[in-house]
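Please open the structure in a viewer and keep the selection panel at hand. The tour below proceeds by selection, stating at each stop what is found there.

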Protein chains: 2
Amino acid sequence: MNTVGVGILLFDDVEVLDFAGPYEVFSRTRLTPGIESRRSDASAPYRVFTVAAGSDPVIATGGLRVLPDFDLASAPPIEVLVVPGGFGTRALLQDPGLLDWIRHVATTAQRVTSVCTGALVLARVGLLMGRRATTHWGALAVLAELDRTIRVEAEMRVVEDGVVTSAGVSAGIDMAFAVVEAMHGPAVADETARYMDYIRHDWRA
Amino acid sequence: MNTVGVGILLFDDVEVLDFAGPYEVFSRTRLTPGIESRRSDASAPYRVFTVAAGSDPVIATGGLRVLPDFDLASAPPIEVLVVPGGFGTRALLQDPGLLDWIRHVATTAQRVTSVCTGALVLARVGLLMGRRATTHWGALAVLAELDRTIRVEAEMRVVEDGVVTSAGVSAGIDMAFAVVEAMHGPAVADETARYMDYIRHDWRA
């Protein structure tokens, strides 16, 4: 099967659930329903991998140590880019190499997405220019300041306007399901949620 | 502050959200509300760490590589034990060293908890004997078979009966909030959920 490459960006002080939520959703999605289909990748539409600036372990918020699969230079083609948030985004906003990499990936990716304050990074790169977007409730004002052309949506968990942004931390799970639904239909998204015992939110509201 | 040690067990083929959900909740809980309080551990009631059989990276479901903080022998005192699930629990059920370790930790822990098929491991150790408990919907029958004295609750997301068990994957987030609420009250749990943009479920229903 032709799988879709999902690249999840990792960095020090990335919020754990920001990357782990979408990681879970994309990596456990199957086109064949049920539990047994999850024991192999035979019907997996996504190939999920983590990418970081270097190959050292990333220390996520709370101290969780994650080994990235690839560094920026060695990452395979990324069709879905996930930029999570966390206090570590502060440093990313001042990291020209990382920002250039995101800009470069965005030119060929089918979908660019963010969770929480990951939206600030996308705004800094100019990817949210003139678009509707959201972020963690504590960063809505910062998002607006970074790019005055962004129409900030304060009341939505997921905003799809070319780029897919989501609200704080746990909203990344809803964002990932929204992408799965857009690419593979509601039945595949709902069945994966059922596998995860996840109660999807009406994120459009 | 006297912090509570939360030990999260890791093993190959552990389900990502099973451990990452509780990791997020316990590691981001603060007794002082707000976002700024999350920038330090000053008001953090929990000290969260990961424990695995060895010190090699653990390969979670989907391929996520996590470096455990401690092996079984070197882990600090565990007041809250979290046993996540995933296909890897099959191997745990046949691992006398690991099962002995869980039995030993349970004798001194304030709370023993599980997510998803982690309940099967607790059942194998005998920790669910005569108790109400739950697991992933696909493993309810297996749980009942492992120990006929367990009263399996098929309709609840979280079951507290001495040991705290939860339903599939994402229900581990609700389980962690239930423990936070029991130990530090509903205001602390609700405020942490608000920080995470998480909509808590009425898990008692």
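In which sense do E3(B) and E4(B) pair, and over how many bridges? The model is a predicted one, and in it E3(B) and E4(B) pair in the antiparallel sense over two bridges.

**Stop 1: the sheet shared by the chains**

Select E3(B) and E4(B), and show Val58(B), which stands opposite Val66(B) in E4(B). Next add strands E3 and E4 of chain A. The selection is now an open sheet of four strands in the order E3(A)-E4(A)-E4(B)-E3(B), with antiparallel pairing. Its edge strands are E3 (58–59) of chain A and E3 (58–59) of chain B, each of which pairs on one side only.

At the junction of the chains, E4(A) and E4(B), the latter spanning residues 65–67, pair in the antiparallel sense over three bridges. To inspect this pairing, display Leu67(A), which is placed opposite Arg65(B) in E4(B).

**Stop 2: the contact between chains A and B**

Widen the selection to the whole contact, to which chain A contributes 33 residues and chain B contributes 33 residues. On the side of chain A that touches chain B, helix H1 (16–28), strand E2 (46–52) and strand E4 (65–67) of chain A each supply at least two residues. Which of these elements gives the most to that side? The answer is H1(A), with eight residues. Colouring the side of chain A by residue class gives 18 nonpolar, 10 polar and five charged residues.

**Stop 3: Phe11(B)**

Select Phe11(B), located in the loop between strand E1 (4–9) and helix H1 (16–28) of chain B. Is this residue buried or exposed? Phe11(B) counts as buried, because it has 23 C-beta neighbours inside 10 Å, and the cut-off for a buried residue is 20 or more. Beyond the residues up to four places away in sequence, Phe11(B) touches Ala52(B), Ala53(B), Val58(B), Gly88(B) and Leu92(B). Val58(B), among these partners, is the residue already shown opposite Val66(B) at the first stop. For a sense of scale, draw a distance from Phe11(B) to Val112(B): their C-alpha atoms are separated by 17 Å, and the two residues are 101 apart along the chain.

**Stop 4: two helices of chain B**

Select helix H3 (residues 96–108) and helix H4 (residues 118–125) of chain B, whose axes come within 10 Å and cross at roughly 80 degrees. H3(B) is therefore roughly perpendicular to H4(B). Show Leu99(B), Ile102(B) and Arg103(B) in H3(B), which meet Val121(B), Arg124(B) and Val125(B) in H4(B). The residues of this contact comprise four nonpolar, no polar and two charged.

Centre the view on Ile102(B), in helix H3 of chain B. Ile102(B) counts as buried because it has 22 C-beta neighbours inside 10 Å. Apart from neighbours within four places in sequence, Ile102(B) is in contact with Val83(B), Val121(B) and Val125(B).

**Stop 5: the nonpolar core**

In soluble globular proteins, nonpolar side chains tend to be buried together. Here the largest nonpolar core has 143 residues. Select the residues with the most contacts inside that core: Ile8(A), Leu10(A), Leu122(A), Ile8(B), Leu10(B) and Leu122(B).

Finally, centre on Leu122(A). Leaving aside neighbours within four places in sequence, Leu122(A) is in contact with Val83(A), Val112(A), Ser114(A), Leu127(A), Leu128(A) and Val163(A).

Terms used:
Residues numbered from 1 in each chain as written. Chains lettered and ligands numbered in written order. Predicted model: local features only at pLDDT ≥ 70, side-chain atom pairs only at ≥ 80, totals over all residues. Axes fitted to C-alpha atoms, helices over the stretch in contact; angles between N-to-C directions. Parallel < 35°, antiparallel > 145°, perpendicular 65-115°, else oblique. Contact = placed C-beta atoms within 7 Å. Nonpolar A, V, L, I, M, F, W, Y, C, P; charged D, E, K, R; others polar. Pairing = 2+ DSSP bridges. Core = buried A, V, L, I, M, F, W, Y, C linked by C-beta atoms within 7 Å. Buried ≥ 20, exposed ≤ 12 C-beta atoms within 10 Å, placed from the backbone.
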